[in-house]
Amino acid sequence: MQYQISYISPQGHAKEMALSFKRIFPSSTPVIDLAKTFYTDGTIHLIGFEFQDSDVERFPETLINFLALLEYKEILLFATCPIAVSEHRKAEIERKIRSLLPVHCKFHTLYLCQGEVYDTVLEQLAQTASENPFDVGTKHLLEQYRMARGHPNREDIRQGYRVISAAFQLETYYKAIVP
């Protein structure tokens, strides 16, 4: 099996996670920035990206184009999102992802964790909330964005290790690296 880790990371969260996840794969595993190149030689692909806002239905175009090239590959996606996503909502997102994949590939799962947003986005949302004090939706979104500060964190990475190790049956290697 030849592994490949790829990412799309405007804010740096997916890159940070990709580099952390590399620890549980063979040292020869490439880590590819999809903003620079598409490289699909691996048979098992771990692909990271970032939802830029609360719209978890909107996938980066680069991701969509890359997924289309992965016929006969195994795929696990990981992503950061500024809002907490329920298991039901995650299942809906995974269904949409499956519709973007080639027919002949194996999709393992999507690992989601929170990822903080740019300070400017947080400031704009706080301004909107202060101008519209009765807008419950904006206040809730602001609270979610604030909760995402500092994420992804060490526990997010550890949970990602668990998900990846279980999907690719890397349990022994995982236990040796992450106590």
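This passage describes the cysteines of a predicted model and the strands that surround one of them.

A search of the whole structure finds zero disulfides. C81 takes part in no such bond, and the nearest cysteine sulfur, which belongs to C113, lies 9.3 Å away. Seen from the other residue, the closest cysteine sulfur to that of C113 is the one in C81, and the distance of 9.3 Å is too far for a bond, because a disulfide requires two cysteine sulfur atoms within 2.5 Å. Both residues are nevertheless enclosed: C81 counts as buried because its relative accessibility is 1%, and C113, with a relative accessible area of 7%, is buried as well.

The burial of C81 can be placed in the setting of strand β4, which spans residues 74–81. Seven of the eight residues of β4 are buried, so the strand is largely enclosed by the rest of the structure. Strand β3, formed by residues 44–50, pairs with β4 in the parallel sense over seven bridges, and within this pairing L46 has L76 of β4 as its bridge partner. Strand β5, which comprises residues 106–114, likewise pairs with β4 in the parallel sense, over seven bridges, and here F78 stands opposite Y111 in β5. The connection from β4 to β5 passes through helix α3, residues 87–100, and the resulting β-α-β crossover is right-handed.

Terms used: Residues are numbered from 1 along each chain as its sequence is written. This is a predicted model: local features need pLDDT of at least 70, side-chain atom pairs count only at pLDDT 80 or more; totals for chains, interfaces and linings use all residues. Side-chain values use heavy atoms; hydrogens and water are left out. Buried means under 20% relative accessible area, exposed over 50%, partly exposed in between (1.4 Å probe, protein chains only). Helices (H or I, at least four residues) and strands (E, at least two) are DSSP runs, numbered from the N terminus. Two strands pair if DSSP finds at least two bridges between them. A crossover is right-handed if, with the strands pointing away from the viewer, the path from the first strand over the helix to the second runs clockwise.
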